[in-house]
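Welcome! Open your viewer, find the selection tool, and let us walk through this protein together, one stop at a time.

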Amino acid sequence: MKYWYFIVLILVAGITCCEDVIDVDVPTGKTRLIVDALIRVDTTQEFLGVKVKVTETNNFFEEIPVTSLESIDIIVEVTRDDGLGLGTGVSSLIDVDTGSGIYIPNPYFSTEERISTSAVLQDNDVLFTLILVHKGRKYAAQTRYVPSTPVLSLSQGTETLFDEDETELIVTFKDDPEIQNFYVFDFDFDEYLVSEDTFYNGQEFQFSYFYDKNLEPGQEVTVSILGADRTFYNYMDELITQSEAPQGPFQTPVATVRGNVFDITGLDNINIVDNAGRPNDFPVGYFAIVQEFKSTITIQ
């Protein structure tokens with residue numbers, strides 16, 4: 001037995017000695033600005049919880065670095081149904097914690113820079129335009145407020161889908177029959193789901209969501225229903241699809257998921273908010289102002 005054990009040791013040593021370290025040149029792309037400007041609206045609050053985070057893309061296996069802006073503003077334009085403009089306001093944002101990459105309405109300005117929640121609840125058409133300058137280039141995005149619907153009930157189920165360690169949450173809500181609705185569900189832990197009301201328009205709807213992780217008893221989980229328009233719905237759907245797709249070690253993503261933030265450097269017309277004619281000049285990210293309804297459950 002000792003003789004064969006000795007032979008095995010020699011073979012293992014030989015295999016180990018033959019190992020070579022291979023340096024793989026990971027492809028590097030153009031550094032792009034990342035704009036996280038999803039503003040979740042709680043209509044019970046006096047002001048919108050505006051917070052915009054900016055970072056930059058980086059090489060594989062490296063941390064995503066925060067970055068700084070030269071300026072960032074949100075323009076609020078109010079228009080009547082007949083097209084008459086009722087007024088325009090501007091909210092200037094700053095990074096209170098310098099170098100954090102997180103921008104909020106300037107609390108030190110001589111006037112109120114926060115945006116009133118009443119601005120999104122009025123009957124008039126309200127257009128929000130995000131304008132920011134980063135490393136000498138100007139970027140812009142436009143959006144309108146999108147309402148949502150409350151969570152009627154949130155409960156823990158006992159069923160599993162693929163694995164016995166899964167945790168089932170049962171969500172119930174009622175769709176608004178007056179308009180076509182799109183929803184983004186935030187299930188905590190950076191887990192999202194999108195849905196449209198094609199098959200349950202105006203009805204109470206219930207579905208199960210399964211966590212593939214073993215949630216601990218006593219752990220709190222917060223589920224949110226966010227309103228969405230078709231563009232934001234498509235954007236989140238593509239993000240979810242790519243994040244869940246099986247990627248081989250040498251397989252590149254199908255495509256870069258572009259949002260609604262565009263490079264408008266050199267354009268002198270604020271109404272032209274796209275990058276037509278410059279397909280390679282674009283940031284990554286999204287600007288949206290949506291109503292959020294949250295519900296929290298304690299895992300049993």
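The tour starts with the whole chain, then visits a sheet, two cores and a loop.

**Stop 1: the whole protein.** Keep in mind that this is a predicted model. Colour it by secondary structure and look for three helices and 15 strands. Of the 300 residues in the protein, 38% are buried. The surface left exposed comes to about 18,300 Å², and carbon and sulfur atoms supply 52% of that area. If you draw contacts between residues at least 6 apart in sequence, 65% of them join residues at least 24 apart.

**Stop 2: an open sheet.** Now select residues 151-157, which are strand 8, and 204-211, which are strand 12. Add residues 167-174, strand 9. Together these three strands form an open sheet in the order 8-9-12, with antiparallel pairing. Strands 8 and 12 stand at the edges with a single partner strand each, so one side of each has no neighbour in the sheet. Neighbouring strands here are turned by 20 degrees against each other on average, direction ignored. Zoom in on strands 9 and 12, which pair over eight bridges. To see one of the bridge pairs, pick valine 171 and its partner in strand 12, phenylalanine 207.

**Stop 3: the largest nonpolar core.** Which residues touch the most other members of this core? Select Ile74, Phe128 and Ile289: they hold that place among its 29 residues. Several elements give two or more residues to the core, including strand 3 (71-79), helix 2 (118-121), strand 6 (125-134) and strand 15 (284-298). Strand 1 provides the largest share, five residues, and you will find that strand at 33-41.

Stay with isoleucine 74 for a moment and show what surrounds it. Beyond its neighbours within four places in sequence, its contacts include Ile39, Val50, Val90, Leu93, Ile115 and Phe128.

**Stop 4: a second core.** Next, select Val171, Tyr200, Tyr211 and Ile297, which are among the 18 residues of a second, separate core. You have met valine 171 already, as the bridge partner of phenylalanine 207.

**Stop 5: a loop residue.** Finish at asparagine 280, in the loop between strand 14 (262-263) and strand 15. Is asparagine 280 buried or exposed? Its relative accessible area is 55%, so it counts as exposed, the cut-off being over 50%. Now add Lys30 and Arg32, which asparagine 280 contacts once its neighbours within four places in sequence are left aside. Lysine 30 lies 250 residues away along the chain, yet the C-alpha atoms of lysine 30 and asparagine 280 are separated by 9.5 Å.

Notes: Residues are numbered from 1 along each chain as its sequence is written. This is a predicted model: local features need pLDDT of at least 70, side-chain atom pairs count only at pLDDT 80 or more; totals for chains, interfaces and linings use all residues. Side-chain values use heavy atoms; hydrogens and water are left out. Two strands pair if DSSP finds at least two bridges between them. Helices (H or I, at least four residues) and strands (E, at least two) are DSSP runs, numbered from the N terminus. Axes are lines fitted to C-alpha atoms, for helices over the stretch in contact, and angles run from 0 to 180 degrees between N-to-C directions. A nonpolar core is a set of buried Ala, Val, Leu, Ile, Met, Phe, Trp, Tyr and Cys residues joined through side-chain atoms within 4.5 Å. Buried means under 20% relative accessible area, exposed over 50%, partly exposed in between (1.4 Å probe, protein chains only). Contact means heavy atoms within 4.5 Å. Accessible areas come from the Shrake-Rupley method with a 1.4 Å probe; for residues, only the protein chains shown count as cover.
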